Amino acid sequence: MLMSVNVLTVTDLHRRKCRYEALAKAVAAHRPEIVALVGDFLDAGEDRGGQFTDQGCAEFLASLPCQEIVFVRGNHEEDGWRQFAGAWAKTGRNLNALHGEAFAHGPLVLVGFPCLLGDETAYLGAREPLPADPCAWLPALLRSHGPAMRTLWLMHEPPAGTPLSETNGPMAGNREWIEAIERFSPWLTLSGHDHKSPLLNKRWYYQLGRTICINLGQPDTGLLHYCLVQAEFRRSASALPAKLKVTAFPFKRTVSMPVGA
């Protein structure tokens, strides 16, 4: 009998109330075990109309009906992270703020990459900065979690040189991520940061070797873009999935990973 774990991932909410409220509706509809915020759920800019405060973001997210919430830093999680983390601590929820670290939920292991942009000081806390080259720290996760660490990688900035990010400019992806993908062949990477390139190029996923890389883009107006990752396992211990399916919303388009990849 297969055991399933569902993860709902979203990026670039930027404290906007309409996006947070749309996320709550998506979580209520899909009832995932895990919600993953893949960067820029806060905003380093000045307050604008229609935004929650950093404290309000924490309180809203903590109220979502899911077992765990996982955070990956984007370039907009700067000083506001202190207020967010302080408010989060009062909710009683675990603060799963990954920084080149793995998070395990039953058999599923996901890896949260650091962000190479913005000020990471507040987010790091007592942790040390990581080298830009992920091949310096990913081997330790492989030793700790085995091949299961290749299941799902969360990285705010997309891999460079794909239709999911600009060729040049502030939304260009990371070359370092390409090198790590080529070396470790993860099944799936999920990114954000570049809101427009996936929409302009009409490509919400791109295959690099055996790896499916996804960035849905996040338009300034309209429906929330998010992914539902459905993983099925043959055992309860950490392992690569027997089946892995990703559905992109609001398009309702699906891509499945091959069994035994």
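These legends accompany several views of a predicted model of one protein chain, starting with the whole fold and then moving in on its parts.

**View 1. The whole chain, from end to end.** Let us begin with the overall picture: the protein chain holds seven helices and 13 strands. Its C-alpha trace spans about 50 × 40 × 40 Å along the principal axes. The radius of gyration is 17 Å, in agreement with the value near 18 Å that a compact globule of 261 residues would have. Of these 261 residues, 56% count as buried. Among contacts with a separation of 6 or more, 73% join residues that lie 24 or more positions apart.

**View 2. The open sheet of seven strands.** Follow the strands across the sheet and you will meet them in the order β4-β3-β2-β1-β11-β12-β13. The pairing in this open sheet is mixed. Which strands stand at the edges? They are β4 (96–98) and β13 (253–257), and each has a single partner strand, so one side of each is left without a neighbour in the sheet. On average, neighbouring strands are turned by 20° against each other, direction ignored.

**View 3. The hairpin of β12 and β13.** Here we move to the β13 edge of the sheet. Strand β12 (residues 243–249) pairs with β13 in the antiparallel sense, and the pairing runs over five bridges. One residue pair to look for is L244 with its bridge partner M257 in β13. Three residues lie between the two strands of the hairpin. In the turn, K252 has a positive phi of about 60°.

**View 4. N96 in the other edge strand.** Now over to β4, the strand that holds N96. Is N96 buried or exposed? Its relative accessible area is 12%, so N96 is buried, given that the cut-off for buried is under 20%. Leaving aside neighbours within four places in sequence, N96 is in contact with E68, I69, V70, F71 and F103.

**View 5. Where α5 meets α6.** This view turns to a pair of helices, α5 (residues 138–145) and α6 (residues 175–184). Their axes come within 12 Å and cross at roughly 35°, and the crossing is right-handed. Which residues make the contact? From α5 they are L138, P139 and L142, and from α6 they are A180, R183 and F184. By kind, the residues of this contact divide into five nonpolar, no polar and one charged.

**View 6. E176 and its surroundings.** Staying with α6, we can pick out E176, which is found in this helix. E176 has a relative accessible area of 24% and is therefore partly exposed, a class that lies between the cut-offs of 20% and 50%. Which residues does E176 contact beyond its neighbours within four places in sequence? They are L116, A132, D133 and P134. The pair of E176 and D133 is a good one to find: these residues are 43 residues apart along the chain, yet their C-alpha atoms are separated by 5.7 Å.

Terms used: Residues are numbered from 1 along each chain as its sequence is written. This is a predicted model: local features need pLDDT of at least 70, side-chain atom pairs count only at pLDDT 80 or more; totals for chains, interfaces and linings use all residues. Side-chain values use heavy atoms; hydrogens and water are left out. Axes are lines fitted to C-alpha atoms, for helices over the stretch in contact, and angles run from 0 to 180 degrees between N-to-C directions. Helices (H or I, at least four residues) and strands (E, at least two) are DSSP runs, numbered from the N terminus. A crossing is left-handed if the near helix is turned anticlockwise from the far one by less than a right angle, and right-handed if clockwise. Contact means heavy atoms within 4.5 Å. Ala, Val, Leu, Ile, Met, Phe, Trp, Tyr, Cys and Pro count as nonpolar, Asp, Glu, Lys and Arg as charged, and the others, Gly among them, as polar. Buried means under 20% relative accessible area, exposed over 50%, partly exposed in between (1.4 Å probe, protein chains only). Two strands pair if DSSP finds at least two bridges between them. The radius of gyration is taken over C-alpha atoms; the globule rule is 2.2 Å times the number of residues to the power 0.38.
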